[in-house]
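Open the model in your viewer and pick a colouring you like. We will go from one selection to the next, and at each stop I will tell you what is there.

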Amino acid sequence: MVQDIVDKFKQLYNQEPVVVRSPGRVNLIGEHTDYNNGFVLPAAVNKEIYFAIAPNGTDNMRVYAFDLQEQATFDLNQVARQKIGWANYLLGVVAQFQKAGHAVKGFNLVFGGNVPMGAGMSSSAAVECGLAYALNYLFAFNIEKFTLVKMAQKAEHEFAGVMCGIMDQFASMFGKHNHVVKLDCRSLEYQYYPFNIEDYRIVLCDTQVKHSLASSEYNTRRKECETGVAILQKHYLQVKSLRDVTLEMLTRHQHEFDPVVYKRCRYVVEENLRVEEACSDLEQGNLEAFGQKMYASHQGLQHDYEVSCPELDFLADAAKQSGAALGARMMGGGFGGCTINLVKLERLDDFTARMSEAYQKHFGITLKTYVAQIVDGSSLVSTDFSKTSL
Ligand code: GAF
């Protein structure tokens with residue numbers, strides 16, 4: 001794949017590129033907690049986007065989207081949101097550099113990879129982080145990685161219109177081989193936990209559906225959480241976000257809440273607690289207990305936060321019934337995409353066969369499954385491809 005992208009670059013532009021890789025992510029637990037200043041537990045995985053890039057001495061970004069086989073040129077003096085969806089993830093990043101006073105000069109780019117689009121594995125964050133990393137390197141801006149993460153997130157807000165939290169961009173940039181990372185989304189303090197679980201595998205089951213509600217409902221959930229915070233702020237000075245809210249506070253003031261807002265807030269408060277407890281489970285090597293929290297997380301997302309869908313619910317249930325998974329839950333924003341499953345290695349083949357058969361029978365859709373390996377975050381790829389194992 002990376003060789004094909006480099007070959008295409010050379011063919012189109014007749015230059016040697018710099019090559020950057022940028023991974024998608026999984027999230028073990030802690031869903032819809034990031035924009036509530038809470039905790040998440042993601043990891044970067046071996047589904048990646050590659051960028052072959054070099055300066056071109058003009059004021060233009062010339063780009064070829066390898067997977068779509070589409071080419072476009074944009075004037076960097078007039079960076080604005082475009083009709084072409086994929087271009088916005090790139091231009092959004094360029095705009096952030098420009099806003100911060102960094103002169104991005106013209107460049108040639110070929111990008112592409114194998115992060116499934118719309119599967120909840122953050123292909124958009126992988127694109128944003130990859131380009132941010134590449135431009136920072138190419139033009140020697142010396143911007144630190146935290147700032148690049150925030151710029152990538154802003155690109156998503158301003159050019160893709162999704163008011164996402166920081167988890168996806170953080171995981172893509174800060175991922176570490178065979179580790180999950182617990183991120184405090186308020187302080188941005190983070191801690192790596194070893195996750196080389198020999199007898200288990202992280203398996204993603206891709207529903208292959210993406211319901212159109214996804215981004216509008218995402219922004220609605222954010223507003224519902226803010227409504228809940230505003231109610232509690234009348235009583236508690238220390239409440240700045242749902243991160244500061246306890247279950248006791250919620251119960252005491254339940255009568256002041258609209259029932260829907262109440263259950264949204266309760267889910268977030270419970271999910272934050274689950275992340276903390278799940279990290280203790282990891283420290284104690286208790287994967288059974290960890291898996292149970294994944295199932296509980298799905299229940300909350302299905303019934304209280306209401307961001308699941310029949311396909312995801314079916315897969316989470318089927319995983320539980322299979323007896324092969326310690327835990328399973330929907331992953332990411334919801335309304336489609338993947339479930340994440342912690343599956344016993346000895347049952348791996350049996351698990352994927354059963355799940356595929358059941359899903360096909362129920363929905364008439366062929367299930368896609370991926371065994372995810374945890375890898376490092378965005379990095380430069382050696383251009384001596386004979387020595388790399390990509
Ligand atoms: C999407 C968002 F981009 C993340 O910031 C996060 O909120 C996630 O949905 C839900 O946990 O992936």
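**Stop one: a pair of helices**

This is a predicted model. Begin by selecting residues 123–138, which form helix 3, and residues 145–160, which form helix 4: their axes come within 9 Å and cross at roughly 125 degrees. An angle over 145 degrees would count as roughly antiparallel and 65 to 115 as roughly perpendicular, so helix 3 and helix 4 are oblique to each other. The crossing of these two helices, helix 3 and helix 4, is right-handed.

Now show the side chains where the two meet. On the helix 3 side, select Ser-124, Ala-125, Glu-128, Cys-129, Ala-132, Tyr-133 and Asn-136. Their partners in helix 4 are Leu-148, Met-151, Ala-152, Ala-155, Glu-156 and Ala-160. Colour this contact of helix 3 with helix 4 by residue class and you get 9 nonpolar, 2 polar and 2 charged residues.

**Stop two: the loop between the helices**

Next, select Ala-140, in the loop between helix 3 and helix 4. Check its backbone torsion: phi is positive, about 50 degrees, although Ala-140 is not a glycine. Is Ala-140 buried or exposed? With 7 other C-beta atoms within 10 Å, Ala-140 is exposed.

**Stop three: the loop before helix 3**

Move to Ser-122, which lies in the loop between strand 6 (107–113) and helix 3. Ser-122 is another non-glycine residue with a positive phi, here about 65 degrees. Count the other C-beta atoms within 10 Å of Ser-122 and you reach 31, so this residue is buried.

**Stop four: around the ligand**

Keep Ser-122 selected, since it is one of the residues around the ligand. Add Glu-31, His-32, Asp-34 and Tyr-35, then Cys-164, Gly-165, Met-167 and Asp-168, and finish with Gly-332 and Gly-333. Which classes make up this shell around the ligand? The shell divides into 3 nonpolar, 5 polar and 3 charged residues.

**Stop five: a strand residue**

Finally, select Ala-325, found in strand 10 (residues 325–330). Ala-325 has 26 other C-beta atoms within 10 Å and is therefore buried. Leaving aside residues up to four places away in sequence, Ala-325 touches Ala-319, Lys-320, Asn-341, Leu-342, Val-343 and Phe-351. For a last look, draw a C-alpha to C-alpha distance from Ala-325 to Pro-17: the two are 43 Å apart in space and 308 residues apart in sequence.

How values were computed:
Residues are numbered from 1 along each chain as its sequence is written. This is a predicted model: local features need pLDDT of at least 70, side-chain atom pairs count only at pLDDT 80 or more; totals for chains, interfaces and linings use all residues. A residue is near a molecule or strand if its C-beta atom, placed from the backbone, lies within 6 Å of it. Ala, Val, Leu, Ile, Met, Phe, Trp, Tyr, Cys and Pro count as nonpolar, Asp, Glu, Lys and Arg as charged, and the others, Gly among them, as polar. Axes are lines fitted to C-alpha atoms, for helices over the stretch in contact, and angles run from 0 to 180 degrees between N-to-C directions. Helices (H or I, at least four residues) and strands (E, at least two) are DSSP runs, numbered from the N terminus. Angles under 35 degrees count as roughly parallel, over 145 as roughly antiparallel, 65 to 115 as roughly perpendicular and the rest as oblique. A crossing is left-handed if the near helix is turned anticlockwise from the far one by less than a right angle, and right-handed if clockwise. Two residues are in contact if their C-beta atoms, placed from the backbone, lie within 7 Å. A residue is buried if 20 or more other C-beta atoms lie within 10 Å of its own, exposed if 12 or fewer, and partly exposed in between; C-beta atoms are placed from the backbone.
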